[in-house]
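This report describes the ligand surroundings, the enclosed spaces and two backbone features of one protein model. The structure is shown first, and the discussion follows.

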Amino acid sequence: MPPLAARLLHAPAVPAAPVPTSSARPSRLRAAGAGRTRSAGVRRSALAPEKAPPPVAVAEDEAGAGGGEGGTYDAIVIGSGIGGLVAATQLAAKGARVLVLEKYLIPGGSSGYYRRDGFTFDVGSSVMFGFSDKGNLNLITKALEAVGHKMEVIPDPSTVHFHLPGDLSVLVHREYDDFIRELISKFPHEKEGILQFYGTCWKIFNSLNSLELKSLEEPLYLFGQFFQKPLECLTLAYYLPQNAGDIARKFIKDQKLLSFIDAECFIVSTVNALQTPMINASMVLCDRHFGGINYPVGGVGGIATSLADGLVDKGSEIRYKANVTNVILKNGKAVGVRLSNGKEFFAKTVISNATRWDTFGKLLKDKELPVEEKNFQKNYVKAPSFLSIHMGVKASVLPAGTDCHHFVLEDDWNNLEKPYGSIFLSIPTVLDPSLAPEGHHILHIFTTAGIEDWEGLSRKEYEQKKEAVASGIIRRLEKKLFPGLKDSIVLKEVGSPKTHRRFLARNDGTYGPMPRGKPKGLLAMPFNTTSIDGLYCVGDSCFPGQGVIAVAFSGIMCAHRVAADIGLEQKSPVLDAGLLGLLRWLRTLA
Ligand SMILES: NC(=O)c1ccc[n+]([C@@H]2O[C@H](COP(=O)([O-])OP(=O)(O)OC[C@H]3O[C@@H](n4cnc5c(N)ncnc54)[C@H](O)[C@@H]3O)[C@@H](O)[C@H]2O)c1
Ligand SMILES: CC(C)=CCC/C(C)=C/C=C/C(C)=C/C=C/C(C)=C/C=C/C=C(C)/C=C/C=C(C)/C=C/C=C(\C)CCC=C(C)C
C-alpha cells in the first residue's frame with residue numbers, strides 16, 4: 001500500500017467561507033428524488049442544492065411569458081451549462097438580447113455546485129483548464145472578462161497523480177520539464193519517443209494558441225486567419241483528421257508507455273488514445289503546463305453563477321425551473337420554444353445546450369431526424385455516464401502533501417475503459433480549504449458507469465446497489481491510497497447515471513459523444529449550425545467535444561456564428577454557402 005508522495009502543497013490563502021455572491025440565483029428551492037445516499041439526516045437528492053441562494057434572475061413559475069414572435073429576443077438559449085452560458089454571454093456582450101431557459105434550479109449543469117452541511121461540492125470534476133491570464137486559450141478567463149467578471153483562482157501544482165498497474169506512479173507536474181523528467185525516469189529507453197510525441201503536441205498547441213478563436217463556420221474570420229497565420233492554420237488542418245494514439249505509435253514502441261498515453265487521453269475523453277482526436281489531446285496535454293490547472297476560489301460552480309450574473313448585468317435574462325419541451329418551427333425555421341407549463345417564447349434564433357440526442361430526439365420529436373444528425377449518430381455514441389460519490393471526510397485520513405487529483409487503475413490495463421474499471425478522485429479542499437468545515441476534506445470520486453446497469457430496479461434495490469458499488473470503490477481507494485478512509489467519512493452522497501440523467505437533463509446521463517469506432521480526428525464532429533434554419537447547438541455534442549474548456553470554445557464559436565446571422569458581426573452569404581457546404585461534405589468523409 002504505497003503512501004502518497006509526501007510533497008507539500010503551497011496553496012495560497014483563500015477566503016474563509018465560499019459564500020455565493022451571485023445575484024443571478026434562484027429563490028430557495030429544494031428537489032426531492034433519486035440518487036442519494038447520506039450517512040445521516042434528512043434525505044435529499046445528490047446534486048440538489050441544500051438551500052438556494054438569494055433571488056436570481058427569475059424562477060419560471062414566478063415570471064410571465066415574454067418575447068413576441070419575431071424577436072424581442074435575439075436568441076433563446078436552452079440550458080445554462082458552460083456551453084450555453086458562454087454562448088449567451090458572448091452574444092450579450094456583442095449587444096444581443098438573450099433569454100436563457102434552465103430546467104434546473106441553479107446555473108452550470110454539470111459544472112454547477114451544491115451545498116451540504118457546510119461542504120461545497122462540485123457537481124462535475126474540479127480539473128479546470130483555460131483559467132490562466134495568458135495566451136489565447138484561457139477561454140474561461142476570457143468568457144468571464146467579456147461580461148466584466150473575474151474570479152480568484154488557486155494554481156494547482158500538478159494536474160493529476162496517476163496510480164497505474166505495476167505500481168507505475170506518475171505525477172503530472174505543472175512545470176513541463178519536471179513532468180517530462182519524471183516520465184523519462186520511468187521509461188529511459190523511450191526518451192526520444194517521449195520528447196517527439198509531446199513535442200508534436202506542443203507544435204499543435206502553439207498553433208492553436210496563436211489564433212484568435214472564433215467560429216470555424218464563419219468564412220470571413222476563417223480566411224482572415226489563414227491569411228494572417230498560414231503555417232499555423234495548415235498545421236491544424238493537417239492534424240484535424242488525426243488521432244493521438246496513431247501519432248504516439250510513430251514515436252513510441254513500449255506498450256506500457258502507450259498504455260500510459262491511453263490513460264492520459266482517457267481522463268479527458270473517456271476513450272483510449274487511438275480514439276482521441278490529436279487536436280484535443282494536444283490542447284489538454286499542453287495547456288496544463290502553459291496556463292496550468294487553476295481552481296476557482298469558492299468552487300467550480302462560481303464560474304456559472306458569475307457568467308449568469310454577467311449576463312443579467314448586460315441586460316439579458318435567465319430563468320430557472322424553465323423546462324423547454326419543444327422547439328417551435330415556422331415554415332421550417334426555429335422561431336421559439338415551448339415550456340412544460342405551456343408558455344411560449346419567441347426569438348430570432350434558438351440555441352440548444354441540451355445534447356444533440358435530446359435536441360433532436362425530444363425537443364424536435366415530431367420532426368424526422370435530419371440527415372446530418374443521422375450521420376452524427378452513425379459516427380458517435382453516447383459516452384458513458386458516471387457513478388459519483390461526494391464525501392466529507394476527517395482531514396486526518398489524508399497524508400500531508402496529498403495531491404488534489406488522482407487517477408487509479410490498479411492491476412490490469414484492460415480495465416481502463418470498462419465500467420467501474422478506473423477511479424477518478426478530486427480533493428479540491430487541498431487547494432481551497434474553505435469548501436469544507438475546519439478539520440475536514442472533500443473527496444469527489446467518480447467512475448464510468450452505463451445507465452443500463454441501473455434501470456428496472458425497485459427503489460430498495462436501487463439504493464442497495466448504490467451503496468454496494470460505492471462501498472467497493474471506497475474499499476479500493478482505502479487499499480491503494482488512504483488507509484482508514486471508510487471510518488473517516490462524515491457525509492456521503494452517491495449519484496448514479498440516473499441521477500445525472502435526472503438532474504442534468506442529459507440523455508442516459510451521458511457526458512457527451514464518443515466515437516463509435518476509430519474516428520478521423522475531429523473531422524466528423526458537427527459545429528454549431530444545424531440543418532434547421534435558426535437552430536444552433538452548443539455544448540459537448542458539438543466540436544470539439546467533452547470538457548469545460550471545450551464547451552466554452554463551442555459557446556464562443558456559436559455566439560460568433562449567430563451574431564453574424566443576426567447582423568451583429570460581418571457576414572458574406574455567398575462565402576457562407578460555400579464554406580458550410582464544404583464542411584458538410586468534409587464530415588461525410590469521416
Ligand atoms: N473539466 C472538468 O473537470 C469537468 C467538470 C464538469 C463537467 N465537465 C464537462 O462539461 C461538459 C458539459 O457542458 P455543457 O455545457 O455541454 O452541458 P451541461 O450538461 O453542463 O449543461 C446543460 C444544461 O442544460 C440544461 N437543460 C438541458 N435540457 C434542457 C431543457 N429541455 N430545458 C431547459 N434546460 C435544459 C441542463 O439542466 C443543464 O443545466 C461535459 O462534457 C463535461 O465533460 C468537465
Ligand atoms: C475548418 C477547417 C476544415 C480547417 C481549418 C483549420 C483550422 C484553422 C482549424 C482550427 C481548429 C481549432 C481552432 C480548434 C480548437 C480546438 C480546441 C480549442 C479544442 C479544445 C479541446 C479541449 C478539450 C477536449 C478539453 C477536455 C477536457 C476535459 C474533458 C477535462 C476533463 C477532466 C476530467 C474529467 C478530470 C479528470 C479528473 C481526475 C483525474 C480526478
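How do the residues of the lining of the largest cavity divide into nonpolar, polar and charged? In this predicted model, that lining consists of 3 nonpolar, 2 polar and 4 charged residues. The residues concerned are Arg 356, Glu 372, Glu 373, Asn 375, Phe 376, Asn 379, Ala 524, Pro 526 and Arg 587. Helix α12 (residues 371-379) provides the largest share of this lining, namely 5 residues. The volume of the largest cavity is about 70 Å³.

**Enclosed and open spaces**

The structure contains 2 cavities of 30 Å³ or more. The second largest cavity holds about 50 Å³ of space. Its lining comprises 10 residues, of which Tyr 104, Ile 106, Gly 109, Val 123 and Leu 504 are the closest to its centre. By class, 7 residues of the lining of the second largest cavity are nonpolar and 3 are polar, with no charged residues.

The second largest pocket encloses about 390 Å³ of space. Of the 22 residues that line the second largest pocket, Thr 529, Asp 533, Gly 534, Tyr 536 and Asp 565 lie nearest its centre. At least two lining residues are supplied by each of β13 (344-352), β21 (535-537), α15 and α16 (573-589). Helix α16 contributes the most to this lining, with 5 residues. The lining of the second largest pocket divides into 6 nonpolar, 5 polar and 11 charged residues.

**Surroundings of ligand 1**

Ligand 1 is surrounded by 32 residues, and the closest of them are Glu 102, Ser 125, Val 324, Arg 506 and Asp 540. The shell around ligand 1 is made up of 13 nonpolar, 15 polar and 4 charged residues. Three pairs of polar atoms between protein and ligand 1 are set out below.

| Residue | Protein atom | Atom of ligand 1 | Distance |
|---|---|---|---|
| Gly 109 | polar backbone atom | oxygen | 3.4 Å |
| Val 127 | backbone N or O atom | nitrogen | 3.1 Å |
| Asn 353 | polar side-chain atom | oxygen | 3.2 Å |

On its own, ligand 1 has 880 Å² of accessible area, and the protein covers 93% of that area. Helices α1 (82-93) and α15 (548-565) are the elements that give two or more residues to the shell around ligand 1. In terms of domains, at least three residues of this shell come from each of domain 1 (73-151 + 297-381 + 517-589) and domain 2 (154-295 + 383-509).

Gly 109 thus appears in two settings: a polar backbone atom of Gly 109 is 3.4 Å from an oxygen atom of ligand 1, and Gly 109 is also among the residues closest to the centre of the second largest cavity.

**Surroundings of ligand 2**

Around ligand 2 there are 32 residues, and those that come nearest are Ser 125, Ile 267, Val 268, Leu 425 and Gln 546. The accessible area of ligand 2 on its own is 1000 Å², and 93% of this area is covered by the protein. Ser 125 is listed among the closest residues to ligand 1 and among the nearest to ligand 2.

Which classes of residue make up the shell around ligand 2? The shell divides into 25 nonpolar and 7 polar residues, with no charged residues. The elements that each supply at least two residues of this shell are α6 (230-239), α8 (255-269), α9 (278-290), β16 (405-408), β17 (423-426), α15 and α16. Helix α9 gives the most, with 4 residues.

Where does ligand 2 lie with respect to domain 1 and domain 2? Because both domain 1 (73-151 + 297-381 + 517-589) and domain 2 (154-295 + 383-509) give residues to the shell around ligand 2, ligand 2 lies between them.

**Backbone features**

Most residues other than glycine have a negative phi, and most peptide bonds are trans. Two places in the model depart from these patterns. Phe 543 and Pro 544 are joined by a cis peptide bond, with omega about 0°. Pro 544 is located in the loop between β21 and α15. Thr 270, a residue other than glycine, has a positive phi near 55°. The loop between α8 and α9 contains Thr 270.

Technical notes
Residues are numbered from 1 along each chain as its sequence is written. Chains are lettered from A and ligands numbered from 1 in the order in which they are written. This is a predicted model: local features need pLDDT of at least 70, side-chain atom pairs count only at pLDDT 80 or more; totals for chains, interfaces and linings use all residues. Side-chain values use heavy atoms; hydrogens and water are left out. On a 1 Å grid over the protein atoms alone, a cavity is a set of points where a 1.4 Å probe fits but cannot get out, and a pocket is an open set with protein on both sides within 12 Å along at least five of seven lines; lining residues have an atom within 4 Å of a point. Grid points are joined across faces, edges and corners, and a volume is the space filled by probe spheres set on the points. Ala, Val, Leu, Ile, Met, Phe, Trp, Tyr, Cys and Pro count as nonpolar, Asp, Glu, Lys and Arg as charged, and the others, Gly among them, as polar. A residue is near a molecule or strand if one of its heavy atoms lies within 4 Å of it. A polar contact is a pair of N or O atoms within 3.5 Å; within protein, one must be able to donate a hydrogen and the other to accept it, and residues adjacent in sequence count only if both atoms are side-chain atoms. Accessible areas come from the Shrake-Rupley method with a 1.4 Å probe; for residues, only the protein chains shown count as cover. Domain bounds come from an automatic or database domain assignment.
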